[in-house]
Amino acid sequence: MEKITSLCKRRGFVFQGSEIYGGLAGTWDMGPLGVALNNNIKREWWKMFVDDREDMYGLDSAILMNEKVWEASGHTGAGFSDPLVEDTKTGERFRADHLLKDEGIEADGLTLEEIDALIIKKGLLSPKGNPLSKARQFNLMFSTSVGAQENIKSYLRPETAQGIFVNFKNVLDSMSPKLPFGIAQIGKAFRNEIAPREFLFRVREFEQMEIEYFIKEENWEEQFELLRQAIVKWNQHIGLSDKNVREFEVPENDLAHYSKRTIDFEYNYPGKGFDELAGFAYRTDHDLKNHQEHSGTKMEYIEPDGSRFVPHVLEPSFGVGRAFTAILCEAYTEDEMNGEVRTYLKLPKHLAPYRVAVSPLLKNKPELVERAREVFTILKKDFGNVAWDDNGNVGKRYRRQDEIGTPHCIVIDFETLGEEDASLKDTVTVRDRDTGEQTRVKIEELADFLR
Ligand code: ATP
């Protein structure tokens with residue numbers, strides 16, 4: 001993980017938030033290559049879950065919402081808090097369930113009294129070796145106030161899902177979808193995590209990709225299985241190997257009272273082990289019913305025969321940052337090439353920040369540079385994310401592009417100009433990132449070759 005974090009900073013993927021002012025815990029900024037990878041993840045997700053299907057509708061709801069939304073959803077109550085304990089000497093705060101988990105004790109769903117009793121029984125101390133305070137619930141929502149009078153309370157949304165539920169009726173009325181159908185949203189979410197940690201894994205500001213998939217109650221098992229398979233396919237599409245992903249079936253006694261089944265998709269993060277990548281829950285009609293009750297708006301679907309009911313819902317919920325981290329962990333590779341150790345990112349082509357890099361063999365030969373610019377311009381029109389790289393010698397460029405996961409490097413050399421062998425005129429060298437193999441390809445066939 002340390003190697004990946006340092007590569008991310010060195011190569012412009014991820015920077016510490018507000019770094020020049022000493023940072024702000026739990027925030028990270030995406031650099032030029034990070035934002036490219038992040039956008040590719042979101043674009044591929046949208047394509048797979050929305051554009052390529054007929055049963056999905058997109059949405060982009062506001063981050064600030066009426067505070068009643070969070071009362072109805074239960075977020076202002078104890079349901080959205082974590083148990084907090086303090087180091088009684090230093091005042092540092094920790095998540096009690098995480099401290100217990102580090103000791104091999106599963107503390108999900110325990111009451112505060114049960115947590116206190118366990119801490120005493122196990123003689124658990126803070127990481128600095130000091131006694132711990134009693135546990136208390138700490139709500140994770142960031143609150144803010146809206147308007148010049150600052151008298152309207154609001155929150156930064158802690159999930160995108162509620163924006164979907166409150167627009168259920170709008171989508172129904174404007175689009176007339178037939179069940180089953182889903183509403184998908186990608187956007188920022190904010191949680192005042194007690195202890196942000198592990199790079200992008202647990203942060204205070206992050207992005208989610210969520211779907212609420214509305215179904216008839218009697219079909220939930222069949223629909224659950226279909227969506228589960230779609231999630232498996234997604235994990236493969238972003239290059240995660242089957243051995244590093246596992247499905248954790250949340251035991252019945254740990255399920256939220258309204259959920260009939262929840263699967264956590266977990267990734268085997270290096271140095272950390274399996275932990276949540278995405279969640280998938282059958283939430284019954286709990287959310288729509290709550291909003292119906294609190295808002296007085298009917299959340300019903302009407303069948304052609306006039307019968308009405310509140311649909312049930314399946315919720316796949318993905319964190320972009322956790323996918324980003326898993327993708328980098330999976331792609332990070334060290335091997336030996338030409339007797340040298342090299343580091344490269346074996347990113348899938350559709351996720352790599354740059355699809356291809358173009359360079360002239362020598363940057364002080366105008367005829368090479370001119371031809372290389374031509375090739376660059378042609379490919380740029382076609383692929384968009386094409387890098388121009390003429391820094392250092394070719395070997396250095398290859399190493400740099402390998403390290404940021406560029407699948408192919410193209411070099412325009414004297415053979416391209418036809419100066420050495422007329423049969424090679426208008427061909428370029430294409431080097432493959434993973435094998436280092438070089439192929440001569442005609443310029444006019446380059447785009448097809450890459451595709
Ligand atoms: P955890 O148990 O790890 O705190 P959670 O069960 O609270 O996560 P959900 O509420 O199910 O998470 O959120 C859905 C997804 O959003 C998670 O699977 C994860 O990918 C992402 N996510 C949640 N909290 C964070 C966070 N603090 N930082 C980064 N991603 C997060």
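**Reading the seven-stranded sheet**

Colleague: What makes strand β13 mostly covered?

Modeller: In this predicted model, strand β13 spans residues 273–282, and eight of its ten residues are buried. Buried here means under 20% relative accessible area, so the description "mostly covered" follows from that count of eight in ten.

Colleague: How do you know that β12 and β13 pair, and in which sense do they run?

Modeller: Two strands pair if at least two bridges are found between them. Nine bridges join β12 to β13, so the criterion is met, and the two strands run antiparallel. Within this pairing, Tyr 267 has Asp 275 of β13 as its bridge partner. Three residues lie between the strands of this hairpin, where Gly 271 takes a positive phi near 75 degrees.

Colleague: How do you know that β13 also pairs with β16?

Modeller: Five bridges connect β13 with β16, residues 312–319, in the antiparallel sense. At least two are required, so these strands count as paired. Phe 280 is matched with Pro 316 in β16.

Colleague: Which strands form the whole sheet, and in what order?

Modeller: The order is β3-β9-β10-β16-β13-β12-β11, in an open sheet of seven strands with mixed pairing. Neighbouring strands are turned by 25 degrees against each other on average, direction ignored.

Colleague: Why are β3 and β11 said to stand at the edges?

Modeller: β3 (56–59) and β11 (245–249) each have a single partner strand, so one side of each lacks a neighbour in the sheet. For β11, five bridges form an antiparallel pairing with β12, residues 261–269, and Phe 248 stands opposite Asp 264 in β12.

Note on methods
Residues numbered from 1 in each chain as written. Predicted model: local features only at pLDDT ≥ 70, side-chain atom pairs only at ≥ 80, totals over all residues. Heavy atoms only, no water. Helix = DSSP H or I, 4+ residues; strand = E, 2+ residues; numbered from the N terminus. Axes fitted to C-alpha atoms, helices over the stretch in contact; angles between N-to-C directions. Buried < 20%, exposed > 50% of the residue type's maximum accessible area, 1.4 Å probe, protein only.
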